[in-house]
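Colleague: I should like to learn how to read the main features of a protein model. Could we proceed from the general idea to the particular case each time?

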Amino acid sequence: EVQLVESGGGLVQPGGSLRLSCAASGFTVSSSDMSWVRQAPGKGREWVSSIYRGISNTYYAAFVQGRFTISTDNTKNTLYLQMHNLKSEDTAVYYCAKGDPTKYDAWGKGTLVTVSS
């Protein structure tokens, strides 16, 4: 059974950093395309970043502007999203997904990131 469990969200001040984790089971992260998607309060889900088959092909939404980094730890079968210089508009539930914007196969339940002073 494919499972994705996110963690690492919380309250952070503007300009701060957080690292989100997504522990995967039932499949191998290094052999899969993986993505982060977020949903701000009252808005629809928006794509944040994707990594293709655990290698150097990474893609980011324009609003990331070099602040976020997606990566995997194949020994832990885990996907990460390192976020720096967080802004209030980054406040959202962040979801880990197996797949990419053309097709998502599975979703985690999300982790809440709140950026506020």
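Modeller: Let us begin with strand pairing: two strands pair if DSSP finds at least two bridges between them. The model shown is predicted. In this model, strand 2 (residues 10–12) and strand 11 (residues 111–115) run parallel and are joined by 3 bridges. Within that pairing, Val12 has Val115 as its bridge partner.

Colleague: In which sense do strand 9 and strand 11 pair, and over how many bridges?

Modeller: Strand 9 pairs with strand 11 in the antiparallel sense, over 3 bridges. Here Val93 has Leu112 of strand 11 as its bridge partner. Strand 11 thus has a parallel pairing with strand 2 and an antiparallel one with strand 9.

Colleague: Which side chains of strand 11 are buried, and which are not?

Modeller: The test is a relative accessible area under 20% for a buried residue. The side chains of strand 11 alternate: Thr111, Val113 and Val115 are buried and point to one face, whereas Leu112 and Thr114 point to the other and are not buried.

Colleague: How many helices and strands does the protein have?

Modeller: The protein has 0 helices and 11 strands. Its pattern along the sequence is accordingly β-β-β-β-β-β-β-β-β-β-β.

Colleague: What does the radius of gyration say about the overall form?

Modeller: The value is set against that of a compact globule with the given number of residues. For 117 residues such a globule would have a radius of gyration near 13 Å, and the protein agrees because its own value is 13 Å. Along the principal axes, the C-alpha atoms fill a box of roughly 40 × 25 × 25 Å. Of the 117 residues, 44% are buried. The exposed surface is about 6000 Å², of which carbon and sulfur atoms supply 48%.

Colleague: Where does strand 8 (78–83) fit in, and how many of its residues are buried?

Modeller: Strand 8 has 5 of its 6 residues buried, and is thus mostly covered. It runs antiparallel to strand 3 (residues 18–25), with 6 bridges joining the two. Strand 7 is also antiparallel to strand 8, again with 6 bridges. As examples, Thr78 is the bridge partner of Ala23, and Tyr80 is that of Ser71.

Colleague: How should the phi angles in the loops be read?

Modeller: Most residues other than glycine have a negative phi, so a positive value merits a look. Asn77 is not a glycine, yet has a positive phi of about 55°. This residue lies in the hairpin of strand 7 and strand 8, which has 4 residues between the strands.

Colleague: Is there a second case, and where does Asn85 lie?

Modeller: Asn85 lies in the loop between strand 8 and strand 9 (92–100), and has a positive phi of about 50°.

Colleague: Are Asn77 and Asn85 buried or partly exposed?

Modeller: Asn77 counts as buried because its relative accessible area is 16%, under the 20% limit. Asn85 is partly exposed, because its value of 43% falls between the limits of 20% and 50%.

Colleague: Why does Lys98 count as buried, and which residues does it touch?

Modeller: Lys98, in strand 9, counts as buried because its relative accessibility is 17%. Residues up to four places away in sequence set aside, Lys98 touches Val2, Leu4, Phe27, Ser32, Asp33, Met34, Lys103, Tyr104, Asp105 and Ala106.

Definitions and conventions. Residues numbered from 1 in each chain as written. Predicted model: local features only at pLDDT ≥ 70, side-chain atom pairs only at ≥ 80, totals over all residues. Heavy atoms only, no water. Rg over C-alpha atoms; globule rule 2.2 N^0.38 Å. Buried < 20%, exposed > 50% of the residue type's maximum accessible area, 1.4 Å probe, protein only. Areas by Shrake-Rupley, 256 points an atom, 1.4 Å probe, with all protein chains shown as cover. Contact = heavy atoms within 4.5 Å.
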